[in-house]
Amino acid sequence: MDGMQPLENWLNVCDLEDIPVRGARRFETSLGEIAVFRTKDQSVYAIDNRCPHKNGPLSEGIVHDTGVTCPLHGWIIDLQSGEARGADSGCVKTYPVKLAEGRVLVKTVL
Amino acid sequence: MSKAKERLVVIGNGMAPGRVLETIFEQDPGKFDVIIFNAEPRVNYNRIMLSPVLSGEQSYDEIIIHGDDWYADHGVTLHKGHKVVEIDRAAKTVTSEPGETVSYDKLLIATGSNPFIIPLPGHDLPGVLAYRDLDDVNNMLNMASARGRAVVIGGGLLGLEAAAGLLAQGMQVTVLHLMPTLMERQLDPAAGYLLEKELCSRGIDIRTEANTKEIVGEGKVEGVRLEDGTDIACDMVVMAVGIRPNTSLAEQSGLQIGRGITVDACMRTSDPDIFSVGECVEFDGHCYGLVAPLYEQARICGNVLCGADDAAYVHSETSTKLKVTGVDLFSAGDFADGDEREEIVFRDASRGIYKRLILEGDQLVGAVLYGDTADGAWFFSKIKDGEAIETEARDTLIFGPSFAGGTPLDPMEAVAALPDEAEICGCNGVSKGKILSAIDADGLTDLDGVRVCTKASSSCGTCTGLVESLLAFKLGDAFEKNAVKTMCGCTDLGHSDVRRLIVSQKLKSIPAVMQELGWKTSCGCAKCRPALNYYLLAAWPGEYKDDNQSRFINERVHANIQKDGTYSVVPRAWGGMTSADELRALADVIDKFQIPTVKYTGGQRIDMLGVKKEDLPGVWGDLNKAGMVSGHAYGKSLRTVKTCVGSEWCRFGTQDSTGLGIKLEKMMWGSWTPHKVKLAVSGCPRNCAEATCKDIGVVCVDSGYEIHIGGAAGMEVRGTDILCKVETEAEALEYCAAVLQLYRDQGHYLERIYKWLARVGLDKIHAQIVEDDNNRQDLYERFLFAQKFSQTDPWAERATGGVDAHEFKTLVPAE
């Protein structure tokens, strides 16, 4: 990772430690709220914080393997692909994430 | 005028006399007035299943054969803990140690057997135990909790099962066996050696040809010294070297005795009015320890007592089908070597299978199977029939019926190929035909149905697979194999199994449960994680660290999430009461945080909806200042205790229902439970607080308090069942807490109390709470102990204590 100078449109969101393991935090952007997840194996994912089903706040859901169960109606969203698992069909936007010196960087503008 | 009832007195309450009574009640229920004296202070339980209780895989009440209600239903008087000390055959009376004397017309002696204690020096030291009944198992469990080493003297079936159980309880175990190989009476040397290797691989120290000289220790067991001088330090010695028929009482009363109480083919002793069954009996020079012959003798004894004159027991060669520490064993006939004998041996070392058939000429005379015993019954029928084995059948003989025709049959066809009279369940002598006709006659669809109607696979359980194949063969896909509802897709285990294994294997974290119980997913799912978090919390109060990330959002942030991501806040209103100060504080909070919706709830409380997540700590802080705490309206926990005003105001009030409601809520708030719990206290039978559709309800009456349980008023509407009536308020509190704790112990996650009640049965709950004072007090104390760790207000912890601050703040990215 080449030093800490601001990268084009990579948002320096938070410390990795700010996100509980198997949990999530959320932040506002002009495009709406984004949720960042930290799974058991310490990898981090960023997706729109609106469930494709009925806009439930995915950041509040239970995180297991690389999925999160929406707190409102139980849809399971895959954090890597943003796709709904099982019989449900729907998709949520995902954002690239990088870790640099313990900081979580999210590329919000593609 | 109906014939006066004859009086049948039974000494002993084990499995054999139990089967005699079952036979009598099936044939002629009204014939006898039955009185049982049991030296043990309990009902009839399945002794074959003591090992799973020792290892923790099963609990005592799962191995009960006749519960208290069975005795009540059949009008049987059971004196528990009454050892009989005298039989006066002249006066035809029996007297027990506590001084109870009753007369009999017919007497059944079933005193069982005593464990043989080798009279070694030190054999009477505290810490030297036998392994015969539940008291032995409880003693072993108490001592095993201190870990340490156990020495088991005796490498037979009981000794090995005791060793495996103690190992599962975390002890180091050494087995001392006199003979060169284990279980030499049931297995040949090769199978005995394989069993020894298997047990060693599990960490049990096996010493064969080990002769114990002395048990050493000052005031308690400290070690064992062998003949060859070696010393083994240990904290417990289990003597499992064999049993002796218990004939002392019979001998004292002048009955004819051999090694056991000698009986004729009708199970009659030398006194025409006295019968005997079970391990205390000797017939034709044989004593019996296996269930199959004992049940057969019991059946005959029952028939004779009911007047049958043609019933007679014939000694028959029995096969031994055992499951020792998870290894399937089978032996039948005479498997000793002999020069005019030939043998066919099959060995598959990697799969741990060994089979040996012994032939004399063209007849099969003996068989030993280790690891795979499915074909045992088939070999045994050939031994019994003395069938000639043609030469070409010899080379596939070892492979059993499946290959008899040369081509492999799948299990279902193998079962189909069995003749109707083929024995499926050895313990209860149940044939294939009997099971198939029961499935038709009683419309059975699952294993439990077959167990109840035919008793097949209800004793030792090793024929369960065969019974399931039969169900599948008969019902096709109408029969789904594992009727047990699994917790979720991550495991094949049901809720009860997981709860029991958490306790018995002492699992103290969710990763430990998933690792030890073989979860199929890396970290569970939204169904099992919250359940496991609760089960661990309930099993280890004050010890288990709550895993917040395994809680559903509402319980994690202590507020109900709404469809727009905002939350609702419901403060506790003790017994549904409020005050001017509280109302003013509520109004101020609603204004200050512009909370859009304020509503009265069904639980006599005020609900404020539309609170933004970031505002929650602020709202709670202000509510705390006015003395209000979390109402847990979001939790699988105590929700409300609704009350009517009762004797404080109402002209019909019989007791202070509001006062009791507040005390109940103060005692129970904060308690985590398998599902939400709602209570209510009504001041009189008009029941204005609707106590009879609550999980737990109290209806006050002049003479005290009716305790109601199992009501529902949501998706399903169900009236409560009355558990009991108590006189004082203190008793009402104790009984309600005991019910809640029993539910906390036994409930499946997300199973409301009325569903738990339907599953376990009101009589079982009544037995454990109303009939058993010690158990109730124990439940009450355990509940209060658990509450010590769960009655801190979660709102205050977050409003001022800073707990989980990250939940209430969104991230602000750095520029």
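**Two cavities and a run of strands**

The largest cavity holds about 90 Å³ of space. Keep in mind as you look around that this is a predicted model. Which residues sit closest to the centre of that cavity? They are A:Ala24, A:Arg25, A:Glu60, B:Lys613 and B:Glu807, out of 14 residues that make up the lining. So much for the middle; now for the walls. Sorted by class, the lining of the largest cavity has 7 charged residues, 5 polar ones and 2 nonpolar ones. Strand 2 of chain A, residues 23-29, supplies the largest share of that lining, with 4 residues.

Since strand 2 has come up, let's follow it into chain A. Strand 2 of chain A pairs with strand 3 of chain A in the antiparallel sense, over 7 bridges. The two strands form a hairpin, and 2 residues lie between them. If you'd like a spot to click on, try A:Gly23, which stands opposite A:Arg38 in strand 3 of chain A.

Is strand 3 of chain A largely enclosed or largely open? Of the 7 residues in this strand (residues 32-38), 5 are buried, so the strand is largely enclosed by the rest of the structure. For burial, the cut-off is under 20% relative accessible area. A handy thing to remember when you look at any such element: in a regular strand, side chains alternate between the two faces of the sheet.

Strand 3 of chain A also pairs with strand 4 of chain A, residues 44-48. This pairing is antiparallel too, and it runs over 5 bridges. Here A:Ala35 has A:Ile47 in strand 4 of chain A as its bridge partner. Strand 3 and strand 4 of chain A form a hairpin as well, with 5 residues between the strands. In that hairpin, A:Gln42 takes a positive phi near 70°.

Now back to the empty space. How many cavities of 30 Å³ or more are there? The count is 2, and the second largest cavity has about 60 Å³ of space. Its lining includes B:Pro530, B:Asn533, B:Tyr534 and B:Leu537, and among the other lining residues are B:Arg551, B:Glu555, B:Lys636, B:Trp672 and B:Tyr749. Helix 17 of chain B, residues 528-539, gives the most to the lining of this second largest cavity, with 4 residues. By class, the lining of the second largest cavity comes out at 5 nonpolar, 3 polar and 3 charged residues.

How values were computed
Residues are numbered from 1 along each chain as its sequence is written. Chains are lettered from A and ligands numbered from 1 in the order in which they are written. This is a predicted model: local features need pLDDT of at least 70, side-chain atom pairs count only at pLDDT 80 or more; totals for chains, interfaces and linings use all residues. Side-chain values use heavy atoms; hydrogens and water are left out. On a 1 Å grid over the protein atoms alone, a cavity is a set of points where a 1.4 Å probe fits but cannot get out, and a pocket is an open set with protein on both sides within 12 Å along at least five of seven lines; lining residues have an atom within 4 Å of a point. Grid points are joined across faces, edges and corners, and a volume is the space filled by probe spheres set on the points. Ala, Val, Leu, Ile, Met, Phe, Trp, Tyr, Cys and Pro count as nonpolar, Asp, Glu, Lys and Arg as charged, and the others, Gly among them, as polar. Buried means under 20% relative accessible area, exposed over 50%, partly exposed in between (1.4 Å probe, protein chains only). Two strands pair if DSSP finds at least two bridges between them.
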